[in-house]
Amino acid sequence: MNTLVHAIKSGSAALAWYVKGVMGEDAYDKYVAHQETQHAGSVDEQDRTPVMTEREFWRDLSDRQERNPQGRCC
Amino acid sequence: MASTSRMPVTRSVDTGVPDQDTALPPVSLDGAAVDGGSRRWTPVKIAIWIAISLLGGVSWVMLAIVRGESVNAIWFVFAAICTYLIGYRFYSKFIEKHLLKPDDRRATPAEYMADGKDFAATDRRVLFGHHFAAIAGAGPLVGPVLAAQMGYLPGTIWIIVGVILAGAVQDYLILFFSMRRGGRSLGQMARDELGRIGGTAAILATIAIMIIIIAILALVVVNALASSPWGVFSVSMTIPIALFMGVYLRFMRPGRITEVSIIGFVLLMAAIIGGGMISETAWGAAFFTVGPVPLAIGIIIYGFIAAVLPVWLLLAPRDYLSTFMKIGTIGMLAVAIIIVRPEIFVPAVTSFAVEGNGPIVSGTLFPFLFVTIACGALSGFHALIASGTTPKLIEKERQTRFIGYGGMLMESFVAIMALVAALSIDQGLYFAMNSSAALTGGTVQGAVAFVNSLGLTGVNLTPDVLTQTAADIGESSVVSRTGGAPTLAVGLAHIMQQVFGGAGMMSFWYHFAIMFEALFILTAVDAGTRVSRFMLQDSLGNIFPKFKNTAWRTGSWLATGIMVAAWGAVLVMGVTDPLGGINTLFPLFGIANQLLAAIALAVSMAIVAKRGLFKYIWVVALPLGFASVVTIYASMLKIFSPVPGIGYFAQHNAFVAALDAGQTRFSTATTLPAMQAVIRNTMIQGLLSILFVSLAIIVISAAIMKTAQAWRSHSNATSEDEPIASRIYAPAGFVATPDEKKLEAEWAARPEALRTQRSGH
């Protein structure tokens with residue numbers, strides 16, 4: 001029984017991870033992770049570019065889409 | 001846009017890959033283990049591949065040789081899947097091993113240009129979904145439906161064999177070449193590889209082709225929605241739904257994309273159900289019954305507004321909705337086809353394939369089958385996607401085979417399912433729906449008389465089949481609902497109602513299918529207008545530098561206006577065409593798409609030749625040769641054929657002669673203005689054919705010249721970016737092999753901070 005519950009839980013977590021990935025919802029998490037690892041070794045505070053807040057990030061994303069549109073196929 | 005500013009450097013390829021950081025676990029499986037998982041042929045593996053081959057072989061025999069009264073749809077599914085598996089396992093691996101030679105020791109642009117935004121290493125399985133959602137649209141749903149008039153076999157063979165030898169090869173090659181060049185676009189690669197004339201021709205051809213493709217996709221929507229109050233209501237509701245989603249994401253819950261897509265999906269279902277109720281009321285039917293011309297004008301105005309509005313408000317949320325619907329519906333259809341397994345009564349090959357007198361698309365199998373089914377077998381448009389976002393997100397080089405080649409196999413499977421859905425409907429109904437109103441008169445009696453006069457074996461259409469189907473799907477009529485979308489929707493509804501809801505749900509499923517096709521197409525129209533506007537601005541910028549500044553409002557509105565006017569003109573021409581519209585214009589769509597494929601393959605051939613890989617250049621030359629022959633021959637027929645049904649100018653001259661002879665009605669044009677419209681339309685279509693074929697011939701010739709030059713000079717150069725050592729690892733295929741799992745575990749054991757840390761920029 002426990003294994004079944006566990007299987008359903010991990011299955012739905014994997015599905016949620018996949019759907020979010022394909023829809024692009026994980027973009028902010030990826031951005032934050034990138035910013036963290038990028039400068040993890042750096043002691044110098046100057047080197048750190050300020051990390052955008054979630055709201056700023058999504059606005060920046062649509063600004064980038066504005067400037068650089070992506071085609072959708074027929 | 002780091003990729004545009006960097007100049008391509010042609011250099012010798014012997015530059016080795018820099019040494020790997022020895023503090024890290026290996027970033028690549030070593031030579032033996034790369035193929036290790038597959039090279040060791042265990043008895044179990046051999047047995048599995050023999051079983052796949054046998055099942056595939058039996059399925060093809062059932063389709064091609066055993067011809068009973070009917071054939072079951074499951075054989076299409078098995079034939080397709082088994083052949084894809086063999087093509088993927090053996091042919092794409094062959095290309096990988098001998099032609100592309102991906103090297104996981106090299107960092108991809110997503111790694112060495114990582115910015116956490118545009119360039120970001122993405123899980124291969126997620127990226128596969130991403131890439132698939134970007135390449136698959138209405139194209140593979142429409143072409144196979146129209147080609148079904150030639151029988152089921154030619155279309156099936158072309159979709160399956162074509163994708164393995166041509167379509168998937170093109171997508172894989174362009175994705176790989178763009179990835180090796182920092183994610184450079186097809187246009188930029190054309191300029192780099194083919195020189196100024198070839199490159200400019202490639203860019204002009206791309207813009208012209210985009211115009212035609214947008215126009216014809218829009219025509220499909222107009223044909224599906226004209227005089228359908230239900231469809232008009234539910235599809236137009238997608239605009240307020242998308243606006244709501246945009247506002248929600250912008251101001252209320254930024255980033256909650258899945259959440260808002262689910263809300264949007266629920267609203268969309270409500271719009272479909274509501275559409276059914278509204279179309280039954282007198283005021284609803286009166287208000288939402290819109291003729292083709294006002295509908296076309298509506299789409300043109302909408303296209304302009306959508307292209308100048310901020311992306312977050314309309315374009316992005318609609319795209320989320322479209323992606324959500326796409327993956328869900330396609331999955332659902334696959335399951336339904338396997339459960340229902342419809343019987344198909346269509347002959348394998350009809351006389352139309354040989355005689356070229358089919359009412360839906362005129363012309364014989366060769367070359368017109370290959371331009372009618374473009375997407376699904378070989379789609380040049382994909383080269384724009386494969387050199388767009390995807391190469392900037394690839395984590396490891398060896399994943400390109402799964403994403404590029406594998407993604408296209410998936411689209412081909414969508415085409416096969418569309419074909420099955422269209423084939424599963426009654427033959428007589430199929431011809432009544434797809435023959436233009438010029439032939440059927442748009443009435444039930446006219447359609448019955450016309451279809452029964454075609455002399456198809458086993459087809460005896462009765463009026464009640466048409467009236468009953470119309471009543472089942474909640475439409476006033478099914479006669480001459482051309483463009484492929486309504487036919488597919490009937491087929492899909494027919495299959496889906498057997499799984500979910502029964503006959504009472506037929507009308508819901510029909511409008512669900514129309515909605516989902518319209519959603520894809522409108523997304524493609526919005527995005528296509530925007531992309532082509534940027535291309536136009538970039539090209540105009542070479543003459544008037546001010547246009548390069550895409551933030552310049554006047555310039556961007558002007559460029560948008562030009563693009564919308566161009567596709568709008570073709571759309572109105574198609575909608576008002578006395579000859580039927582879709583049947584005269586669809587060949588242009590297919591030719592345009594295949595010419596773009598020829599351009600992409602020509603660029604690929606030049607790259608392969610420059611690299612000195614002449615031993616395996618046939619991998620590119622084969623599909624390039626075929627696409628060139630098919631499209632140039634089809635274009636020549638469209639320009640020079642003396643048969644009015646095929647040649648645009650022959651049709652033109654026939655009408656001019658009739659007009660000069662003082663006739664006021666001729667062929668299917670019943671009035672003088674209709675005759676003048678035909679004369680005008682055929683001239684424009686003919687000139688467009690000449691333009692496309694000339695540009696394509698220039699590009700292909702440039703590629704052949706570059707190839708010959710490379711051959712003579714024993715070239716061994718490349719315009720790839722300098723190799724940079726990779727510092728990350730990920731498996732190549734969907735499922736990790738045991739060796740890959742072992743290495744993955746080694747990486748996973750490292751502390752998070754050390755795993756991807758690197759000095760960037």
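Biologist: Which residues lie nearest the centre of the largest cavity, and how many line it?
Modeller: The lining has 16 residues, and Trp58(A), Ser62(A), Leu249(B), Arg250(B) and Trp312(B) lie nearest the centre. This is a predicted model, in which local features need pLDDT of at least 70 and side-chain atom pairs pLDDT 80 or more, while totals for chains, interfaces and linings use all residues. Residues are numbered from 1 along each chain as written, chains are lettered from A and ligands numbered from 1 in written order, and side-chain values use heavy atoms, without hydrogens and water.

Biologist: What makes this space a cavity and not a pocket?
Modeller: On a 1 Å grid over the protein atoms alone, a 1.4 Å probe fits in a cavity but cannot get out; a pocket is open, with protein on both sides within 12 Å along at least five of seven lines, and lining residues have an atom within 4 Å of a point. By this rule there are three cavities of 30 Å³ or more. The largest has a volume of about 180 Å³, where volume is the space filled by probe spheres set on points joined across faces, edges and corners.

Biologist: Which elements supply two or more residues to that lining?
Modeller: They are helix H3 (54–67) of chain A, and helix H10 (229–252) and H14 of chain B. H3(A) gives the largest share, six residues. By class, the lining has nine nonpolar, four polar and three charged residues; Ala, Val, Leu, Ile, Met, Phe, Trp, Tyr, Cys and Pro count as nonpolar, Asp, Glu, Lys and Arg as charged, and the others, Gly among them, as polar.

Biologist: What is known of the second largest cavity?
Modeller: Its volume is about 50 Å³. Among its lining residues are Arg106(B), Arg180(B), Glu397(B), Asp721(B) and Glu722(B). The lining divides into six nonpolar, one polar and five charged residues.

Biologist: How much space lies in the second largest pocket, and what lines it?
Modeller: That pocket holds about 1,400 Å³. It is lined by 41 residues, with Leu85(B), Tyr88(B), Phe402(B), Phe734(B) and Val735(B) nearest its centre. The classes are 27 nonpolar, seven polar and seven charged. Helices of chain B that each supply at least two lining residues include H4 (74–100), H14 (315–340) and H18 (400–423).

Biologist: Why are H9(B) and H26(B) called roughly antiparallel?
Modeller: The axes of H9 (residues 186–225) and H26 (residues 582–610) of chain B come within 9 Å and cross at roughly 155°. An angle over 145 degrees counts as roughly antiparallel, so H9(B) is roughly antiparallel to H26(B). The residues of this contact are 26 nonpolar, three polar and two charged.

Biologist: How do you know that chain B agrees with a compact globule?
Modeller: The rule, over C-alpha atoms, is 2.2 Å times the number of residues to the power 0.38. For 761 residues that gives a radius of gyration near 27 Å; chain B has 26 Å, which agrees. The C-alpha trace of chain B spans about 80 × 60 × 55 Å along its principal axes. Chain B has 31 helices and four strands, counted as DSSP runs of at least four residues (H or I) and at least two (E), numbered from the N terminus.

Biologist: What makes the backbone at Pro367(B) and Ser227(B) worth a mention?
Modeller: Most residues other than glycine have a negative phi, and most peptide bonds are trans. Phe366(B) and Pro367(B) are joined by a cis peptide bond, with omega about 5°; Pro367(B) is in helix H16 (residues 365–372) of chain B. Ser227(B), not a glycine, has a positive phi of about 55°, and lies in the loop between H9 and H10 of chain B.

Note on methods. Axes are lines fitted to C-alpha atoms, for helices over the stretch in contact, and angles run from 0 to 180 degrees between N-to-C directions. Angles under 35 degrees count as roughly parallel, over 145 as roughly antiparallel, 65 to 115 as roughly perpendicular and the rest as oblique.
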